[in-house]
Amino acid sequence: MTDTRWLNADEQETWRAFLWTSRLLNEALDRQLQRDSGMPHTYYMILAMLSESPGRALTMTELAEIVHSSPSRLSHAVNRLEEAGWVRRAKHATDRRTTIAELTDEGYAVLAEAAPGHVAEVRRRLFDPLSREQTLEFRAALRALLDALDPDHEAPCARDLG
């Protein structure tokens, strides 16, 4: 049995700052989107990822991977987005077992309307408190963590960081 490498005081402070910052940032972004656009942050991310995809469509499997969601949780969210008329699902043309989620024109319009407020909130909560130098250091730290968590760069966000 190996000895536990307990966190030292600096590491413990960093760990807790990370935990609370992550939680508070996600809650703030969710509140802003709910208040201004009537949707949770999860739905916004689904719409945004579809909007950035060729043909504004992805398989449900691809979409689940990109938004880091379980298939059942994603299916529930896409059901709600379909009910709102923002997403439609269809069977893949050559593989009937595969379902495609496609952003509708109405969904794109809702996303386009929500995006400026969301970006302003991200800027206000994440980037405005940091200097340019701190932002670059933060990005470098996040890349190092992402490289350790996903060394093969399989996660879509890891591929984006190249």
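In helix 5, the buried residues are Gly107, Val110, Leu111, Ala114, His118 and Glu121. Keep in mind that this is a predicted model, and let's use that helix as our way in.

**Helix 5**

What sits over those buried residues? Their cover includes helix 1, helix 2 (41–51) and strand 3 (99–103). Helix 5 itself runs over residues 105–127, which makes 23 residues. From its first C-alpha to its last, helix 5 reaches 31 Å, close to the 33 Å expected at 1.5 Å a residue. Where does helix 5 bend? Look at Ala115: the helix bends there by about 35°, and a proline, Pro116, follows within four residues.

**Salt bridges**

Searching the whole structure turns up eight salt bridges. Here are three of them, with the gap between the closest N and O atoms.

| Salt bridge | N to O distance |
|---|---|
| Arg80 and Glu83 | 3.9 Å |
| Asp95 and Arg97 | 3.2 Å |
| Arg125 and Glu121 | 3.0 Å |

Start with the one in helix 5, since you already know that helix. Arg125 and Glu121 are four residues apart in helix 5, so about one helical turn separates them. Why does that spacing matter for direction? An α-helix has 3.6 residues a turn, so residues three or four places apart point the same way. Is Glu121 buried or exposed? Glu121 counts as buried because its relative accessibility is 8%, and the cut-off for buried is under 20%. Its partner Arg125 has 38% relative accessibility, so Arg125 counts as partly exposed. The pair also has company: salt bridges that share partners join Glu121, Arg124 and Arg125 into one network.

Now move to helix 4 (residues 71–83), where Arg80 and Glu83 are three residues apart and therefore separated by about one helical turn. Arg80 is partly exposed because its relative accessibility is 43%. Glu83 comes out at 62%, so Glu83 counts as exposed.

The remaining pair in the table is Asp95 and Arg97, whose side chains meet in a salt bridge. How do the two ends sit relative to the surface? Asp95 has 22% relative accessibility, so it counts as partly exposed. Arg97 is exposed because its relative accessible area is 74%.

**A pair of rings**

How many aromatic pairs does a search of the whole structure find? Just one aromatic pair shows up. The rings belong to Trp15 and Phe18: their centres are 6.1 Å apart and their planes meet at 25°, so the pair is stacked. If you wonder why two numbers are quoted, a pair of aromatic rings is described by the distance of the centres and the angle of the planes. Trp15 and Phe18 both lie in helix 1 (residues 9–37), three residues apart, which means about one helical turn lies between them. Are they tucked away? Trp15 is partly exposed, with a relative accessible area of 42%, and Phe18 is partly exposed too, with 44%.

**Thr135**

One last stop: find Thr135, which has its place in helix 6 (residues 132–149). Thr135 is buried because its relative accessible area is 18%, and buried means under 20%. Which residues does Thr135 touch, leaving out those up to four places away in sequence? Thr135 touches Phe127 and Leu130. You have met the number 127 already, as helix 5 covers residues 105–127.

Methods. Residues are numbered from 1 along each chain as its sequence is written. This is a predicted model: local features need pLDDT of at least 70, side-chain atom pairs count only at pLDDT 80 or more; totals for chains, interfaces and linings use all residues. Side-chain values use heavy atoms; hydrogens and water are left out. Helices (H or I, at least four residues) and strands (E, at least two) are DSSP runs, numbered from the N terminus. Buried means under 20% relative accessible area, exposed over 50%, partly exposed in between (1.4 Å probe, protein chains only). Contact means heavy atoms within 4.5 Å. Rings of Phe, Tyr and Trp (its six-membered ring) pair if their centres lie within 6.5 Å; planes under 30 degrees apart count as stacked, over 60 as edge-to-face and the rest as tilted. The expected span of a helix is 1.5 Å times one less than its number of residues. The bend at a residue is the angle between axes fitted to the seven residues ending there and the seven starting there. A salt bridge is a side-chain nitrogen of Lys or Arg within 4 Å of a carboxyl oxygen of Asp or Glu.
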